[in-house]
Structure formats: C-alpha cells, structure tokens
Amino acid sequence: MGSNSWLASRSVKVEKQQGQRKEARVKVLVLGDSGVGKSSLVHLLCQNQVLGNPSWTVGCSVDVRVQDYKEGTPEEKTYYIELWDVGGSVGCASSIKSTRAVFYNSVNGIMLVHDLTNKKSSQNLYRWSLEALNKDSSPTGVIVSNGSDYDREQFAENPVPLLLIGTKFDQIPENKRNEVLTRTAFLSEDFNAEEINLDCTNPRYLAAGTSNAVKLSRFFDKVIEKRYFTRDPSQMTGFTDRKRFNFKSLHYD
C-alpha cells in the first residue's frame, strides 16, 4: 500500500472515532541533541514519509501519530500519540532550559534519540532524561565518566515509559558496528528501555512485522496503558509529581 493510501485509510478511521474518543491521546517527548534526527524521526512516525528538507527545531514542534492499541485483539482502540519534538541542547543557557521546562508537564512517555555515529549525543541522553524527569532542577551537575556506576534501580522505578532510538544506523562503518551496538545495549540497560536503531531516510526500518515496528508498538501500548489503565492516580495524568533523580555519576564505556 502506498503512503498516500495508507494515510487516507488512517484518516477515515480517525474521523469515525474522533467524536467518540476525543480524550484518547497521550503525550510523548522526543528528546536528544540538535542534529540527531528527531524531526526526521517524528515525520516518519506520523506521516509514514521521509522528511525531505529537515530544519532546526526552535522551541517545540508537535505532530500526531495514530496508534491502534492492542491491534488485532477484541480490546483494540484508536489513540492519538502527540510527539513533542523539543529543540535545543543540554549545554544551552539556563534561561532556555527554564523555558523548555514548560514542555515537560504531564508527560506520558519519552523517546530518547541519539546519533549512532556521535558518541557525545549518546552520553547526553543521561542529561536530557534528568532534565525532563526533574524539570525543576539543572542537569548540568551530572558527571558522565568511564567506569563509574550509578543506581539503575532509579530508572527501574521511573513510571514514565522510555524508548531509546539510535539514528543514522546506515552511516556506521562496518568495522565499528559491533562496538556501537554493544554501547547502545549498555544504554538500553541503563535506562531500563528497549532500543531501536534505524535510518530515518529509509522507511523499511519501521516496516510492519519488523522487530523495530514491534518494539515501537509495544512502547506506545505501554504509554497508553500507563495513562489510561493504571490504578495509580499519580501516573494517570502524566508524570507531574516527579520523583527526583540524583545520579552522582553515570558510567559510559
């Protein structure tokens, strides 16, 4: 099925259910350094198309993806995933960080995006996660050092579902691929999150039935479950009452 017909069929389904389930939406942050491909990723996820001319995101850009929760089961329902692509970098001025904090209210899920060819962008995901999960504190004091440990249980207790996404997979030199994938596996373990590695200029990485598509659907279903089906009131309206994450040091080999 071509992308236009796919979008048309999804639009019909959305229109049929829009009046019935206007409230059925969740908010997912898309965080990571400038230039890692967040805008291209969001466009691919929401429009099922490659973004032709990516540009820098100023402030925040929001797009919506239609998600069939528990697709193929009697419980299947359509939900709307708001993907909030937050611009900037962790090294920017405190005033910009303070302004950015407004985007972190009532968050139901977080996608942490890094460039597989840029190790620094991977290291900075720790700071991005801290900035979002502790919106009232500065992440600049976090130390990323080789060989140091931190308490992974703090992420295990985090009620907000996380998904780790590595971009520019096609640009990894063949002789470096195992090294890079080993490093991302450690990141995935640290964040207690599944990982997806892809090339945002090639939709086949998210084709139906692939492991990436399965992981993505599982992540969105988890976000929806946390938002609408949990009995814990603190999780039903998004992560507004945050448990503070204070990592003295983070290991990154």
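This is a walk through a predicted model, from its overall make-up to its cores, helices and loops.

Start with the whole chain. It has 8 helices and 8 strands. Buried residues make up 47% of the 253 residues. Contacts reach far along the sequence. Of those with a separation of 6 or more, 75% join residues 24 or more positions apart.

Confidence comes next. The mean pLDDT of the chain is 79. A value of 70 or more is reached by 70% of the residues. Two stretches fall below 50. One is residues 3-20, with 22 contacts in the model beyond near neighbours in sequence. The other is residues 235-253, with 82 such contacts. Treat both stretches as places where the pLDDT is below 50, whatever their contacts.

Now go inside. The largest nonpolar core holds 33 residues. Val-28, Leu-83, Met-111, Ile-165, Leu-198, Leu-216 and Phe-220 touch the most other members. Several elements give two or more residues to this core. They are strand 1 (25-31), helix 2 (38-47), strand 3 (77-86), strand 4, strand 6 (162-167) and helix 7 (211-228). Helix 7 gives the most, with 6 residues. A second, separate core has 21 residues, including Ile-110, Leu-112, Ala-132 and Leu-187.

Met-111 is a good residue to centre on. It lies in strand 4, residues 109-115. Its relative accessibility is 0%, so Met-111 counts as buried. Leave aside its neighbours within four places in sequence. Met-111 is then in contact with Val-28, Leu-29, Val-30 and Leu-31. Its other partners are Leu-45, Leu-83, Leu-163, Ile-165, Leu-216, Phe-219 and Phe-220. One pairing deserves a look along the backbone. Met-111 and Val-30 are 81 residues apart along the chain, yet 4.8 Å separates their C-alpha atoms.

Phe-220 approaches Met-111 from helix 7, where Phe-220 is one of the buried residues. Not counting residues up to four places away in sequence, Phe-220 touches Val-28, Ile-81, Leu-83 and Met-111. Arg-65 and Gln-67 are also among the residues that Phe-220 touches.

Follow helix 7 itself. It has 18 residues. From its first C-alpha to its last it reaches 26 Å, close to the 26 Å expected at 1.5 Å a residue. Its buried residues are Asn-212, Ala-213, Leu-216, Phe-219, Phe-220, Asp-221, Val-223, Ile-224 and Tyr-228. The spacing of such a list can be read against helix geometry. An α-helix has 3.6 residues a turn, so residues three or four places apart point the same way. Arg-227 is also found in helix 7. With a relative accessible area of 22%, Arg-227 is partly exposed. Its C-alpha is separated by 9.4 Å from that of Lys-27, 200 residues apart along the chain.

Helix 2 is mostly covered, with 7 of its 10 residues buried. Those residues are Lys-38, Ser-40, Leu-41, Val-42, Leu-44, Leu-45 and Cys-46. Just after helix 2, Asn-48 takes a positive phi of about 60 degrees.

Helix 4 spans residues 119-133. It has 15 residues and reaches 22 Å from its first C-alpha to its last, close to the 21 Å expected at 1.5 Å a residue. There is still a kink of about 30 degrees, centred on Leu-125. At the start of helix 4, a side-chain oxygen of Asn-118 reaches to within 3.1 Å of the backbone nitrogen of Lys-120. Why is helix 4 largely enclosed by the rest of the structure? Because 12 of its 15 residues are buried. Polar and charged residues are on that list, including Ser-121, Ser-122, Gln-123, Asn-124, Ser-129 and Glu-131. Also buried are Leu-125, Tyr-126, Trp-128, Leu-130, Ala-132 and Leu-133.

Finish with two backbone angles in loops. Lys-168 lies in the loop between strand 6 and helix 6 (177-191). Its phi is near 60 degrees, a positive value in a residue other than glycine. Lys-168 counts as partly exposed, at 24% relative accessibility. Asn-192 sits in the loop between helix 6 and strand 7 (194-197). Asn-192 is not a glycine, but its phi is positive, about 55 degrees.

Technical notes
Residues numbered from 1 in each chain as written. Predicted model: local features only at pLDDT ≥ 70, side-chain atom pairs only at ≥ 80, totals over all residues. Heavy atoms only, no water. Helix = DSSP H or I, 4+ residues; strand = E, 2+ residues; numbered from the N terminus. Expected span 1.5 Å × (residues − 1). Bend = angle between axes of the 7 residues up to and from the residue. Buried < 20%, exposed > 50% of the residue type's maximum accessible area, 1.4 Å probe, protein only. Polar contact = N/O pair within 3.5 Å; in protein donor to acceptor, adjacent residues only side chain to side chain. Contact = heavy atoms within 4.5 Å. Core = buried A, V, L, I, M, F, W, Y, C linked by side-chain atoms within 4.5 Å. pLDDT = per-residue confidence, 0-100.
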